[in-house]
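Grab a pencil and work through these exercises one at a time. Try each task yourself before you read the solution under it.

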Amino acid sequence: MSWRPLTEGRNGFFTNSILAEIGSKYGKSIVQIALRWLIQRGVIIIPKSIHIERMQQKHRHFPIFELTDEDMATIATLDMGYSLFFDHYDARTTHMFME
């Protein structure tokens, strides 16, 4: 399950050149490519937004299109190996959730 799968736009997510290039191939936005990548991997997505235009864009990835295996692998290289929100291995994180 992916909560806030668009990373709140951190790390230049909404301007990522790899996602933009793949998006141009399909006529889709970076957001639509990212959500499709997660869906294709079987991840349940829970996107959040307070902006109506962003909510509408997230739902426009239907009709469903499919990313190629090569596109899927390219997007997977963007994994930084750590959370942009908090360190899962830091005791302070456990304390935060326990409060």
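## Burial, pairs and a helix with two faces

**Exercise 1. Decide whether Phe65 is buried or exposed.**

Solution. Phe65 has a relative accessibility of 11%. Buried means under 20%, so Phe65 counts as buried. Keep in mind that you're looking at a predicted model.

**Exercise 2. Find the aromatic pair and describe how its rings are placed.**

Solution.
- Step 1: a search through the whole structure turns up one aromatic pair.
- Step 2: the partners are Tyr26 and Phe65, with ring centres 5.5 Å apart and planes at 40 degrees.
- Step 3: planes under 30 degrees apart would be stacked and over 60 edge-to-face, so this pair is tilted.
- Step 4: now place the partners on the chain. Tyr26 belongs to helix α1, while Phe65 sits in the loop between α3 (52-59) and α4, and the two are 39 residues apart.
- Step 5: check Tyr26 too. With 23% relative accessibility, Tyr26 is partly exposed.

**Exercise 3. Locate the salt bridge and say which parts of the chain it links.**

Solution.
- Step 1: the structure has one salt bridge.
- Step 2: the side chains that meet in it are those of Lys25 and Asp71, at 2.8 Å from N to O. The cut-off is 4 Å, so the pair qualifies.
- Step 3: Lys25 is in helix α1 (residues 17-26) and Asp71 is in helix α4 (residues 69-76), so you've got a link between distant parts of the chain, 46 residues apart.
- Step 4: compare the surroundings of the partners. Lys25 counts as exposed at 52% relative accessibility, whereas Asp71 is buried at 5%.

**Exercise 4. Work out how the buried residues of α4 are arranged around the helix.**

Solution.
- Step 1: list them. The buried residues of α4 are Asp71, Met72 and Ile75.
- Step 2: look down the axis. These residues span an arc of only 100 degrees, so they lie on the same side of α4.
- Step 3: turn to the face pointing away from that buried side, and you'll meet the exposed residues Asp69 and Glu70.
- Step 4: ask what does the covering. The cover over the buried residues of α4 includes α1 and α2 (30-40).

**Exercise 5. Describe the surroundings of Ile30.**

Solution.
- Step 1: Ile30 is part of helix α2.
- Step 2: Ile30 has a relative accessible area of 12%, so it is buried.
- Step 3: skip the neighbours within four places in sequence. Ile30 then touches Phe13, Phe14, Thr15, Asn16, Leu19 and Ala20.
- Step 4: pick out Phe14. Its C-alpha atom is separated from that of Ile30 by 6.4 Å, and the two residues are 16 apart along the chain.

**Exercise 6. Which residue lies over the face of Trp37?**

Solution. Look above the ring and you'll find Arg41, at 4.3 Å from the ring centre.

**Exercise 7. Sum up the whole protein in a few numbers.**

Solution.
- Step 1: count the elements. You should get five helices and two strands, in the order β-α-α-β-α-α-α along the sequence.
- Step 2: check burial. Of the 99 residues, 29% count as buried.
- Step 3: consider contacts between residues at least 6 apart in sequence. Of these, 69% join residues at least 24 apart.
- Step 4: finish with the surface. The accessible surface is about 7,000 Å², and carbon and sulfur atoms account for 57% of it.

Note on methods: Residues are numbered from 1 along each chain as its sequence is written. This is a predicted model: local features need pLDDT of at least 70, side-chain atom pairs count only at pLDDT 80 or more; totals for chains, interfaces and linings use all residues. Side-chain values use heavy atoms; hydrogens and water are left out. Helices (H or I, at least four residues) and strands (E, at least two) are DSSP runs, numbered from the N terminus. Buried means under 20% relative accessible area, exposed over 50%, partly exposed in between (1.4 Å probe, protein chains only). Rings of Phe, Tyr and Trp (its six-membered ring) pair if their centres lie within 6.5 Å; planes under 30 degrees apart count as stacked, over 60 as edge-to-face and the rest as tilted. A charge sits over a ring if NZ of Lys or CZ of Arg is within 6 Å of the ring centre and within 35 degrees of the ring normal. The arc is that of the directions from the helix axis to the C-beta atoms. Contact means heavy atoms within 4.5 Å. Accessible areas come from the Shrake-Rupley method with a 1.4 Å probe; for residues, only the protein chains shown count as cover.
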